[in-house]
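Student: I would like to go through this model one element at a time. Please show it before we start.

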Amino acid sequence: MVGGPAALRTSFVISHHTLSPASSTAHSSDTSSQAATMNDASSTATPSFWRWRRPNFTNNLSLGVHAAAPSSTGNIADAVAGLFGDPDISDVTLQGSDGGSVHAVRAILASRSTMFRQKLFGSKSNASLVIPGEKQVIKFKHWDCRILHMIVEYCYTDSCSLMKMQPNDEVARMVAQLRVAAKAFKLPGLLDTINQWGWRNVNRHPALACAMVDEGMKLDDIDDLALQTILLKPRASLIPDQKAIGSGVLSLTKPGLLFVLRTLEDQTSHLLLLHVIERWVDFSSEDSVTDSPSREIATREAFGRKCALRFVKTSKINPANFERAMKQSKLFQKRDDLTSVTLRDGLQFTEKSFKVEEQTERPPMRRPQTAIGLTRASDDRSKRANISQ
């Protein structure tokens, strides 16, 4: 072979560039024919592929009917989320305390919560008592349909639409209820989501803490973050600005107000406590169910006056600030028997007054009219007679 490998490379390049147009056209036609053959093969193989994926698939192209294209359902999480709220495939109904109901699939609920698994498939479940063709109905006495709807929504979608709403007092109360429900239904993921919502919104809007604490008192489970916010930011939590999100002390009921005052009694300024009580008396909607506004205001003023006498210690208030507060206060202006001097002496119950009450003698208890009681009574009389002699 002349020229060796270099000559071979040169001849290959020359032959490649000297191809005739006819040969290139033939080459392209061969390629296009191969591609068409492959497309025909793939179109022929498509029905068999979908027949394997979907057992009920039939090839209607030969009958002149165009088959519907298979819909893309995405991943399994999207497919399960698409079943949320579908009553046709649900097999259980959760009925709340308010009469509302939520439809769900038992298997999905049991896979997300051990409480649902025990209630729906446990030994004490009533699934065997359900009439064939009817759905199982489970009634909850402590939760309304809104909480049950959010619980089922989380089981289906791993998220909760309540967390995406604009925060306000009503949303904060719902979050407090959902927090307790997440513990009851044993959903730790939902509890973590609620805690993250609290860190993000309660820290940004401290006035929402009062609504969460008040709702937590009703359920006997107060949120630690909301209570800590009131302790660290008492003014912003209780007396917010007009543009702030949350009503502050106005969202507290009477038990909630007592709890907050008792918590802050030794933690914050007592002049601030007096201002908090006055704000609650002036603008709160508590006791506003009757048709007499004057009576409602009088009831709130009486309760606020008792709170001030119980929790406000004037010894911890600057005298000048105290005099100014008494002139502006509406709680004690209409009472002629209370002046600023007497208020400074008796605005709070001291420990000494409690000790005096404990040392007061109680009246002697009467003995029962029985044979033993009469015998003991006669012995007592004889002892008294001997002592007198």
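Student: Which residue in E2 does Thr93 stand opposite?

Tutor: This is a predicted model, and the answer rests on strand pairing. Strand E1, residues 92-95, pairs with E2 in the antiparallel sense over four bridges. Within E2, Leu94 has Val102 as its bridge partner. Thr93 stands opposite His103.

Student: What is the strand order of the open sheet?

Tutor: The edge strands are E2 (101-104) and E3 (136-139), each pairing on one side only. E1 pairs with E2 in the antiparallel sense, while E1 and E3 run parallel and are joined by four bridges. The pairing in this sheet of three strands is therefore called mixed, and the order is E2-E1-E3.

Student: Which residue in E3 stands opposite Gln95?

Tutor: Here the E1 to E3 side of the sheet matters, where four bridges join the parallel strands. In E3, the residue opposite Gln95 is Lys139.

Student: Which residue takes a positive phi in the hairpin of E1 and E2?

Tutor: The hairpin has five residues between its strands. One residue there has a phi near 95°, and that residue is Gly99.

Student: At what angle to E2 does H6 run?

Tutor: Neighbouring strands of the sheet are turned by 25° against each other on average, direction ignored. H6 lies across E1 and E2. Relative to E2, H6 runs at about 15°.

Student: At what angle do the axes of H6 and H7 cross, and is the crossing left-handed or right-handed?

Tutor: H6 covers residues 145-157 and H7 covers residues 169-184. Their axes come within 10 Å and cross at roughly 65°. The crossing of H6 and H7 is right-handed.

Student: How many residues of the contact of H6 with H7 are nonpolar?

Tutor: From H6 the contact takes Arg146, Ile147, Met150 and Ile151. These meet Glu170, Met174, Gln177, Leu178, Ala181 and Ala182 in H7. Two residues of the contact are charged and one is polar, and the nonpolar ones number seven.

Student: Which helices do the buried residues of H14 pack against?

Tutor: H14 (residues 293-311) has 19 residues and reaches 27 Å from its first C-alpha to its last, close to the 27 Å expected at 1.5 Å a residue. Its buried residues include Glu296, Arg300, Phe303, Cys307 and Phe311. The buried residues of H14 pack against helix H12 (254-264) and helix H13 (270-283).

How values were computed
Residues numbered from 1 in each chain as written. Predicted model: local features only at pLDDT ≥ 70, side-chain atom pairs only at ≥ 80, totals over all residues. Heavy atoms only, no water. Axes fitted to C-alpha atoms, helices over the stretch in contact; angles between N-to-C directions. Helix = DSSP H or I, 4+ residues; strand = E, 2+ residues; numbered from the N terminus. Left-handed = near helix turned anticlockwise from the far one by under 90°. Contact = heavy atoms within 4.5 Å. Nonpolar A, V, L, I, M, F, W, Y, C, P; charged D, E, K, R; others polar. Pairing = 2+ DSSP bridges. Expected span 1.5 Å × (residues − 1). Buried < 20%, exposed > 50% of the residue type's maximum accessible area, 1.4 Å probe, protein only.
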